[in-house]
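User: I would like to go through a structure with you, beginning with its sheet and ending with its empty spaces. Could you take my questions one at a time?

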Amino acid sequence: MTSFDTSPHLSVWRALLALAVVFVMLATTGWTAVRSHRAATPLQASLAAWEHGRIAGHKLPAADSSPARLAQFFASLSAHQRSRLAHRYPLAVGNMNGAPVGLRYRANRLALGLQREVERDRMHDDRLSPVGQQDAGRRMHRFEALMREGRQILAFDPDGSGRVAEVLGDLDRAQRISVVVPGVDTDLLTFQRTFRKYSAPVGMATSLYAAEREASPRTRTAVIAWADYTAPSGIGVDAATAMRAEEGAVRLNALVRALPGRAPVQLYCHSYGSVLCGVAAHVLPSRVSDMAVAGSPGMRAGTAAGLNTTARVWAMRDADDWIQDVPYLEVGGLGHGSDPVSPGFGARVLSARGAKGHAGYFTPGTESLRNFAAIGVGAYRAVDCAGQGDACRAGLSGAESGRRA
């Protein structure tokens with residue numbers, strides 16, 4: 001249920017599940033309650049400033065207003081006024097669902113520049129240990145990379161391990177929109193990798209975008225590498241429960257509801273990301289046409305029907321994926337329920353031939369990626385089912401559209 005590059009010891013996982021039961025019992029009785037008072041984060045500070053801001057003599061709308069209300073507000077402004085707000089409140093505007101996506105890109109570029117300078121100063125701060133200075137250097141270089149020409153950063157929060165989302169393609173003009181939802185150990189520093197690049201969100205999204213363009217050059221697609229939630233770190237209590245998934249589900253729902261236009265949305269949920277998608281399924285809008293999970297530890301539901309979604313539910317797992325040996329159970333909030341590729345779950349089970357383990361589903365040349373791309377462009381009759389036969393294609397048309405078949 002992770003983006004781990006090697007298989008963990010399953011006995012350790014089972015032991016952690018048992019320990020987590022004790023931990024949760026203690027936590028719910030208040031034994032482990034810890035309260036701390038932290039200074040406002042950069043994003044919180046920007047949002048607070050926005051709440052007290054004005055434009056042309058008028059108070060700004062609440063930052064948590066509905067996307068429709070915020071879209072209406074920004075549409076009422078001149079280009080100069082919108083630019084002023086992005087410069088004055090870059091983190092607030094850059095993360096504001098309902099703000100024009102182009103404005104969010106510009107605001108986040110400004111915010112990244114400011115945070116780059118913060119980390120540059122920290123690199124030479126004698127109050128930090130050598131390890132702390134080195135960490136500041138890594139973050140500074142990550143921010144610089146995200147600022148490179150042509151990158152479209154849709155969300156950015158530098159607090160803690162950080163959150164980020166990036167768009168490939170033209171989101172405003174897209175006919176179909178794909179969202180990659182990654183699993184554990186995902187943060188600002190692991191958002192993109194040079195080594196094993198297709199196990200990181202940027203590599204996953206880049207590979208999917210290229211495969212979709214190859215599958216249907218005439219279909220205007222956009223792909224979002226979405227690491228805009230606080231993912232669990234490693235195998236531990238957070239990974240064994242749905243706490244992080246529940247928090248992330250709120251953010252995923254907000255993202256989808258704020259996307260421009262009416263293009264259908266396809267979710268690609270890897271590992272713990274599939275837990276998040278399962279938790280979010282019943283609240284996501286109907287424009288989510290497909291939900292494809294890979295290497296899933298469970299979706300917090302006993303069956304696909306139990307997800308209460310109108311989206312088609314697809315599932316795949318490579319034969320060499322160690323996740324198949326993790327207990328598919330849910331007891332007292334621990335574990336994530338039924339196996340999505342099991343016959344009784346009821347998902348459309350796809351071939352993942354060539355994926356080679358838990359982190360290889362988006363690797364070019366694999367059947368798993370080709371199937372993802374077919375779903376992304378709406379070529380449902382072109383997908384390859386797991387095993388023999390065409391059960392996963394039952395009742396589907398081959399039309400490249402978001403229409404339910």
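Analyst: The discussion below covers strand order, pairing, burial, and then pockets and cavities.

User: Before the details, what kind of model is this?

Analyst: This is a predicted model.

User: Which order do the strands of the open sheet follow?

Analyst: The open sheet has 8 strands in the order β3-β4-β6-β5-β7-β8-β9-β10, and the pairing is mixed. The edge strands are β3 (152–157) and β10 (348–349), each of which pairs on one side only.

User: Let us start at the β3 end. How do β3 and β4 pair?

Analyst: Strands β3 and β4 are antiparallel and share 5 bridges. They form a hairpin with 5 residues between them. In the turn, G160 has a positive phi of about 60°. Across this pair, I153 has E166 of β4 as its bridge partner.

User: And on the other side of β4, which way does β6 run?

Analyst: Strand β6 (residues 221–227) runs antiparallel to β4 (residues 163–168), and 5 bridges join them. V164 stands opposite A227 in β6, while E166 has A225 of β6 as its bridge partner. E166 thus appears in both pairings, with I153 and with A225.

User: Which helix packs on the sheet there?

Analyst: Helix α8 (residues 201–215) packs on the sheet and touches β4, β5 (176–181), β6 and β7 (265–270). The direction of α8 makes about 165° with that of β6.

User: Is β4 buried or exposed?

Analyst: Of the 6 residues of β4, 6 are buried, so the strand is largely enclosed by the rest of the structure. Both of its faces are covered. R163, A165 and V167 are buried on one side, and V164, E166 and L168 are buried on the other.

User: Moving along, why is β8 described as largely enclosed?

Analyst: Because 7 of the 7 residues of β8 (residues 288–294) are buried, the strand is largely enclosed by the rest of the structure. The cut-off behind the word "buried" is under 20% relative accessible area.

User: Which strands does β8 pair with, and in what sense?

Analyst: Strand β8 runs parallel to β7, with 6 bridges between them. L267 stands opposite M291 in β8. Strand β8 is also parallel to β9 (residues 312–316), to which 5 bridges join it. On that side, the bridge partner of A292 is W314 in β9.

User: What links β7 and β8 into a unit, and with which handedness?

Analyst: Helix α11 (residues 272–280) makes a β-α-β unit with β7 and β8, and the unit is right-handed.

User: Changing topic: what volume does the largest pocket have?

Analyst: The volume of the largest pocket is about 530 Å³. Of the 22 residues in its lining, N95, M96, N97, R251 and A254 are the closest to the centre.

User: Which elements contribute to that lining?

Analyst: The elements that give two or more residues to the lining are α2 (42–51), β3 and α10 (243–258). The largest share comes from α10, with 5 residues. Strand β3 therefore has two roles here, as an edge strand of the sheet and as a contributor to the pocket lining.

User: How many cavities does a search of the whole structure find?

Analyst: The search finds 2 cavities of 30 Å³ or more. The second largest holds about 30 Å³ of space.

User: Which residues line that second largest cavity?

Analyst: Its lining consists of V293, G295, S296, A315, M316, R317, Y328, D339, P340 and V341.

Key. Residues are numbered from 1 along each chain as its sequence is written. This is a predicted model: local features need pLDDT of at least 70, side-chain atom pairs count only at pLDDT 80 or more; totals for chains, interfaces and linings use all residues. Side-chain values use heavy atoms; hydrogens and water are left out. Two strands pair if DSSP finds at least two bridges between them. Helices (H or I, at least four residues) and strands (E, at least two) are DSSP runs, numbered from the N terminus. Contact means heavy atoms within 4.5 Å. Axes are lines fitted to C-alpha atoms, for helices over the stretch in contact, and angles run from 0 to 180 degrees between N-to-C directions. Buried means under 20% relative accessible area, exposed over 50%, partly exposed in between (1.4 Å probe, protein chains only). A crossover is right-handed if, with the strands pointing away from the viewer, the path from the first strand over the helix to the second runs clockwise. On a 1 Å grid over the protein atoms alone, a cavity is a set of points where a 1.4 Å probe fits but cannot get out, and a pocket is an open set with protein on both sides within 12 Å along at least five of seven lines; lining residues have an atom within 4 Å of a point. Grid points are joined across faces, edges and corners, and a volume is the space filled by probe spheres set on the points.
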